[in-house]
Every structure is written in C-alpha cells, then in structure tokens.
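Work through the exercises below with the sequence and the model in view. Each task is followed by a solution in steps.

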Amino acid sequence: MTAHILLVEDEVKLARFLELELSSEGYKISVAHSGIAALTLARELSPDLAILDWMLPELSGLEICRRLRATNINIPVILLTAKDEVSDRVAGLDAGADDYVVKPFSIEELLARIRAHLRRTQEPDQDILQFEDLSLNHRTRQVYRGKRAIELTAKEFHLLEYMLSHPRQVFTRDQILEKVWGYDFMGDSNIIEVYIRYLRLKLEENNEKRLIHTVRGVGYVLRE
Ligand code: CA
C-alpha cells in the first residue's frame, strides 16, 4: 500500500525538493502552499500523514493542525519549523502535532520520522478484539456491532471479552464461570444462561445475526 503524504510548505523550492525526494521513496505526494488549500486537500484526499510548515500565509501550520484535530482528522502530523524554542514545541504538541523537524534538516532525518509514524499507524490496533462485525476495545471499553455502539455492564463486557478472545472455541459452563466469575463463585451456575441472554438481546437488537451459539450439553461458542 502506497502511503499518501500531504506536504504543506510555502517555500516553493523547498516544497519541490521534498516532493521529489518523497516521490522517489515511493510515497504519493500532494502539495499545498497555503493553509486554506491544505485544509481542503486534507478533507478531500484523506492522506495518511501530513507534513506542515509552521510559518505559512493565511493559517500557520499550528492552526492547520488544530483544525485537522477539531474535525477528527487524526493522521500523524510532522511540523517543520525554524523555531527551536521549548515553548514552541509545547504549543505544537498542544495543537496536536506528533513530531517536529527543525529546519535546516537532513532529508534522511525527515524520512526516518515519516517511516516511524506510518509504521505506528499501520499496525493493527492491539486494543481491539474483533469478530465478524463485532468489535471490543479493551482500553476504551467500547463495543460495536458494525457502527452501532452497544452499552454493556461490567460483567457482560467481561463475558464478551472472554468469548471474543477465542472465537470458534467451545467454552464449557465451568470454564466461563471460572474465568468470568472467578474460582470462588458460589452462586447458581444458571447465571451464565442469564448473562448470555442479556448479551444476545443487546448484540441482536437490530436483528443482527446470532454470534453467540449454544452447544447443547456443553456450553457456548462464538461463531458465524
Ligand atoms: Ca514557511
């Protein structure tokens, strides 16, 4: 997959130089020379990464960065800046920039930063468990069926998390009790049926197809 980079730089010679260097590395490049053009391109082209010069006509690189973040464009942003003051770095981070390259810089340094940021965003998200159209985020505790957000109680979340960690594996009632309720659970093991029913109601609220299946006489399985 070719990464698409949006380069925003008003110094035409530098922009041209960077465009050639980045193209020869195999990146697809779109260039803007001003802030307004940059915002338009960012919305229309959905680039994978943006390189923003700090000092630009109309809008500064910082302001572009702020506006990208405000519209939920969360691609990596590298600021090019001649300034090297600590307070400027803080302002850049506050605006949502991911990195800095201080002018004058070597092209190798810029390329290394680009590779590092693209690698990070292209890795699959370790926080997300996914099966079919069902996804669960460990960190944010959000659960989705397609685009539909699903509210779960702590226990329902834990039960679903356990099943999602091993799709297609059949779990016995004892395994589920032990993992989700703990060794010391003293209550009625029918609790599992009750919670499976709650989960199915929430996961199939819009008549979505069933993902949690009963394996008669054994337990439960998450499968197509
Ligand atoms: Ca400039």
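**Exercise 1: The surroundings of I191**

I191 has a relative accessible area of 24% and is partly exposed. The model is a predicted one.

Task: State in which helix I191 lies, and find which residues I191 is in contact with, leaving aside its neighbours within four places in sequence.

Solution.
- Step 1. I191 belongs to helix α8.
- Step 2. Once the neighbours within four places in sequence are set aside, the contacts of I191 are L177, W181 and F185.
- Step 3. For R173, the separation from I191 is 18 residues in sequence, and the C-alpha to C-alpha distance is 9.9 Å.

**Exercise 2: Aromatic pairs**

Task: Describe the geometry of the aromatic pair W181 and Y195, then that of Y195 and Y198, and say whether Y195 and Y198 count as buried or partly exposed.

Solution.
- Step 1. Searching the whole structure gives four aromatic pairs. One of them is W181 with Y195, an edge-to-face pair with 5.4 Å centre to centre and 70 degrees between the planes.
- Step 2. This pair links distant parts of the chain: W181 is in helix α7 (residues 173–181) and Y195 in helix α8 (residues 191–203), 14 residues apart.
- Step 3. W181 and Y195 are both buried. Buried means under 20% relative accessible area, and Y195 is at 18%, so Y195 counts as buried.
- Step 4. Y195 also forms an edge-to-face pair with Y198, at 5.3 Å centre to centre with 75 degrees between the planes. Because Y195 and Y198 are three residues apart in helix α8, about one helical turn separates them.
- Step 5. Y198 has 36% relative accessibility and counts as partly exposed.
- Step 6. W181, Y195 and Y198 together make one aromatic cluster.

**Exercise 3: The three-stranded sheet**

Task: Give the order of the strands in the open sheet of three strands, and explain why one side of β10 and of β11 is left without a neighbour in the sheet.

Solution.
- Step 1. The order is β10-β12-β11, and the pairing is antiparallel.
- Step 2. β10 (170–172) and β11 (212–215) are at the edges with a single partner strand each, so one side of each has no neighbour in the sheet.
- Step 3. From one strand to the next, the twist averages 30 degrees.
- Step 4. Four bridges pair β11 with strand β12 (residues 219–222) in the antiparallel sense. V215 is opposite G219 in β12.
- Step 5. Helix α6 (residues 154–164) packs on this sheet and touches β10, β11 and β12, its direction making about 70 degrees with that of β12. Helix α8 lies across β11 and β12 and runs at about 145 degrees to β11.

**Exercise 4: The four-stranded sheet**

Task: Find which strands stand at the edges of the open sheet of four strands, and which strands α6 and α8 lie across.

Solution.
- Step 1. The strand order is β6-β7-β8-β9, with antiparallel pairing.
- Step 2. The edges are β6 (128–131) and β9 (148–150); each has a single partner strand, so one side of each lacks a neighbour in the sheet.
- Step 3. The average twist is 20 degrees from one strand to the next.
- Step 4. Strands β7 (residues 134–137) and β8 (residues 143–145) run antiparallel and are joined by three bridges. L136 is opposite V143 in β8.
- Step 5. α6 lies across β6, β7 and β8, at about 115 degrees to β7. α8 lies across β7, β8 and β9, at about 160 degrees to β9.

**Exercise 5: A charge over a ring**

Task: Find where R141 lies with respect to F157.

Solution.
- Step 1. R141 is placed over the face of F157, 4.0 Å from the ring centre.

**Exercise 6: The calcium ion**

Task: Name which residues coordinate the calcium ion, and explain which parts of the chain D10 and M55 tie together.

Solution.
- Step 1. The calcium ion is coordinated at 2.1 to 2.3 Å by D10 (OD), D53 (OD) and M55 (O).
- Step 2. Along the chain, the donors have the spacing D-x42-D-x1-M.
- Step 3. D10 is in the loop between β1 (4–8) and α1 (12–24), and M55 in the loop between β3 (49–53) and α3 (61–70), so the pair ties together parts 45 residues apart in sequence.
- Step 4. With a relative accessible area of 30%, D10 is partly exposed. M55, at 54%, is exposed.

Notes. Residues numbered from 1 in each chain as written. Predicted model: local features only at pLDDT ≥ 70, side-chain atom pairs only at ≥ 80, totals over all residues. Heavy atoms only, no water. Donors = N, O, S within 2.8 Å, 3.2 Å for Na, K, Ca; no water. Helix = DSSP H or I, 4+ residues; strand = E, 2+ residues; numbered from the N terminus. Buried < 20%, exposed > 50% of the residue type's maximum accessible area, 1.4 Å probe, protein only. Phe/Tyr/Trp six-rings, centres within 6.5 Å; stacked < 30°, edge-to-face > 60°. Lys NZ or Arg CZ within 6 Å of the ring centre and 35° of its normal. Pairing = 2+ DSSP bridges. Axes fitted to C-alpha atoms, helices over the stretch in contact; angles between N-to-C directions. Contact = heavy atoms within 4.5 Å.
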